[in-house]
Amino acid sequence: MEKTIRILGIDPGLRRTGWGVIETLGNSLKFIASGTVTTDGQMDLASRLRQLHDGLTEVVHGYTPDESAVEQTFVNKDAVATLKLGQARGIALLVPSLAGLHVAEYAPNAVKKAVIGVGHGDKEQIHMMLKVLMPKVQFKGSDAADALAIAICHAHNRGANRMMKAALAG
């Protein structure tokens, strides 16, 4: 008999880190919660990273997910911005790991393909499909919506990931 799995999706960013929690049982998806952890742009980098850590820790403890997924970082032309995003992503990977959760990582194109069926699409398409897949979904802003999409991507791919791990282990 299958068990309901609660998944935390995280869309990392230094200014805003989106998070979304869903439950999956078989092929069904259920919206639980979503939101955004924001940082104070006037603070130094270390303090902002601590704000992300504390905010995500609160989410993990409040919603007790079974698994988590984080979007992979893309490289852009601004090296400083990419480095800061990477540091925020490090916090997004660390917090669920410290809670004992498996952390899967997905490229942005894989997330879009899992939600809208193709690897390229705009935010409006993702928002629309979230409402189709989970009619009771609620999110404020693109960061929370992206985090829910990451959680859905993991829900669709988690079985294949487990089989791959088992094959590599032995």
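Which residues are buried in helix 3 (residues 108-116)? The legends below take up this question and then turn to other close-up views of the structure, which is a predicted model.

**Figure 1. Helix 3 and its buried side.** In helix 3 (residues 108-116), the buried residues are Val111, Val115 and Ile116. Around the helix axis they cover an arc of only 95°, so they sit on the same side of helix 3. An α-helix has 3.6 residues a turn, and residues three or four places apart therefore point the same way. After helix 3 comes Gly117, which has a positive phi, near 95°.

**Figure 2. Helix 4, with a buried face and an exposed side.** Helix 4 (residues 123-133) has Ile126, His127 and Leu130 as its buried residues. Viewed down the axis of helix 4, these buried residues fall within an arc of 100°, and they therefore line one face of the helix. Glu124, Met128 and Val132, on the other side of helix 4, are exposed.

**Figure 3. His127 and its contacts.** His127 has its place in helix 4. With a relative accessibility of 17%, His127 counts as buried, because the term applies to values under 20%. Not counting residues up to four places away in sequence, His127 touches Phe139, Ser142 and Ala145.

**Figure 4. Asp146 and its polar contact with Lys123.** Asp146 is part of helix 5 (residues 142-169) and counts as buried, at 9% relative accessibility. The side chains of Asp146 and Lys123 are joined by a polar contact of 2.5 Å. When neighbours within four places in sequence are left aside, Asp146 is in contact with Asp11, Lys123 and Ile126.

**Figure 5. Glu71, a residue annotated in UniProt.** An unreviewed UniProt entry lists Glu71 under "binding site". Glu71 is found in strand 4 (residues 67-71) and is buried, with a relative accessible area of 15%. Residues up to four places away in sequence are not counted among its contacts: Glu71 touches Ile10, Asp11, Pro12, Arg89, Tyr106, Pro108, Val111 and Ile150. One of these, Val111, is also among the buried residues of helix 3.

**Figure 6. The aromatic pair of Trp19 and Tyr63.** The structure holds one aromatic pair. A pair of aromatic rings is described by the distance of the centres and the angle of the planes. The ring centres of Trp19 and Tyr63 are 5.4 Å apart and the planes lie at 40°, so the pair is tilted. This term applies because 40° is neither under 30 degrees, as for stacked rings, nor over 60, as for edge-to-face rings. Trp19 belongs to strand 2 (residues 16-25) and Tyr63 to helix 1 (residues 45-63), and the pair therefore ties together parts that are 44 residues apart in sequence. Trp19 is buried, at a relative accessible area of 9%, whereas Tyr63 counts as partly exposed, at 27% relative accessibility.

**Figure 7. Val60 in helix 1.** Val60 is found in helix 1 and is buried, its relative accessible area being 7%. Eleven residues along the chain separate Val60 from Leu49, and the C-alpha atoms of the two are 16 Å apart. Apart from neighbours within four places in sequence, Val60 is in contact with Leu8, Pro65, Val95 and Ala99.

**Figure 8. Thr64, a residue with a positive phi.** Thr64 is located in the loop between helix 1 and strand 4. Most residues other than glycine have a negative phi. Thr64 is not a glycine, yet it has a positive phi of about 40°. At 52% relative accessibility, Thr64 counts as exposed.

**Figure 9. Helix 2 from its start to the glycine that follows.** At the start of helix 2, a side-chain oxygen of Asp78 comes within 3.2 Å of the backbone nitrogen of Val80. Helix 2 (residues 79-98) has 20 residues, which at 1.5 Å a residue should span 28 Å; its end C-alpha atoms are 28 Å apart, in agreement with this expectation. Its buried residues are Thr82, Leu85, Ala88, Arg89, Ile91, Ala92, Val95 and Pro96. Among the elements that cover these buried residues are strand 1 (5-11), helix 1, strand 4 and strand 5 (102-106). Two of the contacts shown in earlier views involve these buried residues: Arg89 is touched by Glu71, and Val95 is in contact with Val60. Helix 2 is followed by Gly100, which has a positive phi, near 85°.

Note on methods. Residues are numbered from 1 along each chain as its sequence is written. This is a predicted model: local features need pLDDT of at least 70, side-chain atom pairs count only at pLDDT 80 or more; totals for chains, interfaces and linings use all residues. Side-chain values use heavy atoms; hydrogens and water are left out. Rings of Phe, Tyr and Trp (its six-membered ring) pair if their centres lie within 6.5 Å; planes under 30 degrees apart count as stacked, over 60 as edge-to-face and the rest as tilted. Helices (H or I, at least four residues) and strands (E, at least two) are DSSP runs, numbered from the N terminus. Buried means under 20% relative accessible area, exposed over 50%, partly exposed in between (1.4 Å probe, protein chains only). UniProt positions are given in the numbering used here, feature names are shortened, and annotations may be inferred rather than shown by experiment. Contact means heavy atoms within 4.5 Å. A polar contact is a pair of N or O atoms within 3.5 Å; within protein, one must be able to donate a hydrogen and the other to accept it, and residues adjacent in sequence count only if both atoms are side-chain atoms. The expected span of a helix is 1.5 Å times one less than its number of residues. The arc is that of the directions from the helix axis to the C-beta atoms.
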